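Me: I have a chain open and want to go through it by question and answer. Shall we take it one point at a time?

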Amino acid sequence: PRDAFADFRSEVCSILGQWDIPVKYHHHEGGAWGQNEIEVQLEPLLPATDHAVLIKYALKNAAAQRGWALTWMPKPL
């Protein structure tokens, strides 16, 4: 019922849109607190790899501005 990271994901999706990286949707994951997903459009390999690097850059910097640490750890449970 309460998604504490919705504003964060929306901000990152806005940045990605400015960089022409198409986002399909974003939502919190059903696992533990703090797990999130931003789904981007499927695309050919080369642009997808370029976009993956830019997405990680946007996420890391947006999190750092809030004093947060961000990881890509798989679901531990």
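Me: Is arginine 9 buried or exposed in this predicted model?
Reply: The model is predicted. Arginine 9 sits in helix α1. Its relative accessible area is 3%. The cut-off for buried is under 20%, so arginine 9 counts as buried.

Me: Which residues does arginine 9 contact, leaving aside neighbours within four places in sequence?
Reply: The list includes three histidines, His26, His27 and His28. Asn36, Glu37 and Ile38 are on it too. Strand β1 covers residues 23-28, and strand β2 covers residues 36-40. With Asp3 added, the contacts are Asp3, His26, His27, His28, Asn36, Glu37 and Ile38.

Me: Which residue forms a salt bridge with arginine 9, and how far apart are the closest N and O atoms?
Reply: The partner is partly exposed, with a relative accessible area of 27%. Arginine 9, by contrast, is buried at 3%. The partner is aspartate 3, and the closest N and O atoms are 2.5 Å apart.

Me: How many salt bridges does the structure hold?
Reply: One joins aspartate 3 and arginine 9. Another joins the side chains of glutamate 11 and arginine 66, at 2.6 Å from N to O. The count for the structure is two.

Me: How many residues apart are glutamate 11 and arginine 66?
Reply: Their side chains meet in a salt bridge. The pair links distant parts of the chain, with glutamate 11 in helix α1 and arginine 66 in the segment after α2. Glutamate 11 is partly exposed at 28%, and arginine 66 is partly exposed at 32%. The separation is 55 residues.

Me: In what pattern do the helices and strands follow along the sequence?
Reply: The chain has two helices and two strands. Helix α1 spans 6-18, and helix α2 spans residues 45-65. Strand β1 takes residues 23-28, and strand β2 takes residues 36-40. Read along the sequence, the pattern is α-β-β-α.

Me: What is the C-alpha to C-alpha distance between glutamate 39 and lysine 24?
Reply: Glutamate 39 is in strand β2, and lysine 24 is in strand β1. Glutamate 39 contacts Val23, Lys24 and Tyr25, leaving aside neighbours within four places in sequence. The two residues are 15 apart in sequence. In space, the C-alpha distance is 5.5 Å.

Me: How far is lysine 24 from arginine 2, C-alpha to C-alpha?
Reply: Lysine 24 is partly exposed, with a relative accessible area of 44%. Beyond four places in sequence, its contacts are Glu39, Val40 and Gln41. Arginine 2 is 22 residues away in sequence. The distance in space is 22 Å.

Me: Which helix supplies the largest share of the largest nonpolar core?
Reply: That core has 10 residues: Phe8, Val12, Leu16, Ile21, Ile55, Ala58, Leu59, Ala62, Ala63 and Leu70. At least two residues come from α1, and at least two from α2. Five residues are the largest share, and they come from α2.

Me: Which residues does alanine 62 contact, leaving aside neighbours within four places in sequence?
Reply: Alanine 62 belongs to the largest nonpolar core, as do Phe8 and Val12. Glu11 has its side chain in a salt bridge with arginine 66. The contacts of alanine 62 are Phe8, Glu11 and Val12.

Me: Which residues form a nonpolar patch on the surface?
Reply: In soluble globular proteins, nonpolar side chains tend to be buried together. This patch lies on the surface, with about 300 Å² of accessible area together. One member, tyrosine 57, is in helix α2. The patch is Trp19, Leu54 and Tyr57.

Me: What relative accessibility does histidine 51 have?
Reply: Histidine 51 lies in helix α2. Leaving aside neighbours within four places in sequence, its contacts are Asp20, Ile21 and Glu43. It counts as buried, at 14%.

Me: What is the radius of gyration of the chain?
Reply: The C-alpha atoms fill a box of roughly 35 × 25 × 20 Å along the principal axes. The globule rule gives 11 Å for 77 residues, and the value for this chain is close to that, so the chain is as compact as a globular protein of that length. The radius of gyration is 13 Å.

Methods:
Residues numbered from 1 in each chain as written. Predicted model: local features only at pLDDT ≥ 70, side-chain atom pairs only at ≥ 80, totals over all residues. Heavy atoms only, no water. Patch = residues over 30% accessible without salt bridge, like charges linked within 9 Å, V, L, I, M, F, W, Y side chains within 5 Å. Areas by Shrake-Rupley, 256 points an atom, 1.4 Å probe, with all protein chains shown as cover. Salt bridge = Lys/Arg side-chain N within 4 Å of Asp/Glu carboxyl O. Helix = DSSP H or I, 4+ residues; strand = E, 2+ residues; numbered from the N terminus. Core = buried A, V, L, I, M, F, W, Y, C linked by side-chain atoms within 4.5 Å. Buried < 20%, exposed > 50% of the residue type's maximum accessible area, 1.4 Å probe, protein only. Contact = heavy atoms within 4.5 Å. Rg over C-alpha atoms; globule rule 2.2 N^0.38 Å.
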